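Open the model in your viewer and keep the selection tool ready. We will walk through it stop by stop, and at each one you will find something to select and something to look for.

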Amino acid sequence: MSETQDPTLRSVELSRTATSRYTARNAAGAEIEFGQGEGLLSPVELLLAALAGCSAIDVDTATSRSAEPTEFRVEASGHKIVDEDGGNRMGDLNLSFSLSFPDDAGGRKAASMAERLVALSHDKYCTVSRTVEHGTAVGYDVSVGLAGPLDDARSPRP
């Protein structure tokens, strides 16, 4: 029997590389290192990058058909808060787009679409921001093993 892959499934695999250092890898083999420490993005910063990146791709894909931007920056920000139950989360998330295009017909066309494209990304296309805004349950399962010397695993205990 052949297995069919679920076209809706998205996943990454995370591996620990050192204390507070991790590598996330997707099925295509792309990797990003993150964690706590110098030169690393934190998981919260990755969340902000995902928010900014998702909408940036939507806007960039459409506007760059008309003109190559001369500036394309998106700042994602938010405040880490502790809720009434003592749980950490982010609040007041915001994306701030700073875009510029050449002063020619293509650039003016791209500039005229930008605000509408940002709104469409927010309201319809950006899976990341829509998931954060709508909320979704996060399930989990755990598998724990104990590693020891091979001889101990093979010999019966008295």
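## A tour from strands to pockets

Begin by selecting strands E2 and E3, which run antiparallel and are joined by five bridges. Bear in mind along the way that this is a predicted model. Now zoom in on Arg 21, which stands opposite Gly 35 in E3. The hairpin of E2 and E3 has four residues between the strands, and there Gly 29 takes a positive phi near 95°.

Add strand E1 (12–18) to your selection. E1 and E2 also run antiparallel, with six bridges joining them. Click on Ala 18 and look across: it stands opposite Arg 21 in E2. Two residues lie between E1 and E2 in their hairpin, and Ser 20 in the turn has a positive phi of about 60°.

**Next stop: the other hairpin on our route.** Select E4 (71–82) and E5 (88–100). How many bridges pair E4 and E5? The two strands pair over 11 bridges, in the antiparallel sense. Try Arg 73, which stands opposite Ser 98 in E5. Five residues sit between the strands of this hairpin, where Gly 86 takes a positive phi near 85°.

While E5 is still selected, pick out Met 90, which has its place in this strand. Is Met 90 buried or exposed? Met 90 counts as buried because its relative accessibility is 18%, and buried means under 20%. Show the contacts of Met 90 beyond its neighbours within four places in sequence: you should find Val 44, Leu 48, Gly 78, His 79 and Lys 80. Then draw a line from Met 90 to Leu 47: the two are 43 residues apart in sequence, and 9.8 Å apart in space from C-alpha to C-alpha.

**Now for a helix.** Select H1, residues 43–63. Helix H1 has 21 residues and reaches 30 Å from its first C-alpha to its last, close to the 30 Å expected at 1.5 Å a residue. Colour its buried residues, among them Leu 48, Leu 51, Ala 52, Ser 55, Ala 56 and Val 59. An α-helix has 3.6 residues a turn, so residues three or four places apart point the same way. What covers the buried residues of H1? The cover includes strands E4 and E5, along with helix H2 (105–125) and helix H3 (127–134).

**Last, the pockets.** Rolling a probe the size of a water molecule over the atoms shows where empty space is left. The largest pocket has a volume of about 840 Å³. To find it, select Val 12, Leu 46, Leu 47, Ala 50 and Val 128, which lie nearest its centre among the 18 residues of its lining. E1, E2, E3, H1 and H3 each supply at least two residues of this lining, and H1 gives the most, with six. Colour the lining by type and you will see 13 nonpolar, three polar and two charged residues.

The second largest pocket has a volume of about 320 Å³. Its lining includes Leu 47, Met 90, Leu 93, Val 128 and Thr 131, so you can select Leu 47 and Met 90 again here. Which helix gives the largest share of this lining? H3 does, with three residues. By type, the lining divides into seven nonpolar, three polar and no charged residues.

Note on methods:
Residues are numbered from 1 along each chain as its sequence is written. This is a predicted model: local features need pLDDT of at least 70, side-chain atom pairs count only at pLDDT 80 or more; totals for chains, interfaces and linings use all residues. Side-chain values use heavy atoms; hydrogens and water are left out. The expected span of a helix is 1.5 Å times one less than its number of residues. Buried means under 20% relative accessible area, exposed over 50%, partly exposed in between (1.4 Å probe, protein chains only). Contact means heavy atoms within 4.5 Å. On a 1 Å grid over the protein atoms alone, a cavity is a set of points where a 1.4 Å probe fits but cannot get out, and a pocket is an open set with protein on both sides within 12 Å along at least five of seven lines; lining residues have an atom within 4 Å of a point. Grid points are joined across faces, edges and corners, and a volume is the space filled by probe spheres set on the points. Ala, Val, Leu, Ile, Met, Phe, Trp, Tyr, Cys and Pro count as nonpolar, Asp, Glu, Lys and Arg as charged, and the others, Gly among them, as polar. Two strands pair if DSSP finds at least two bridges between them.
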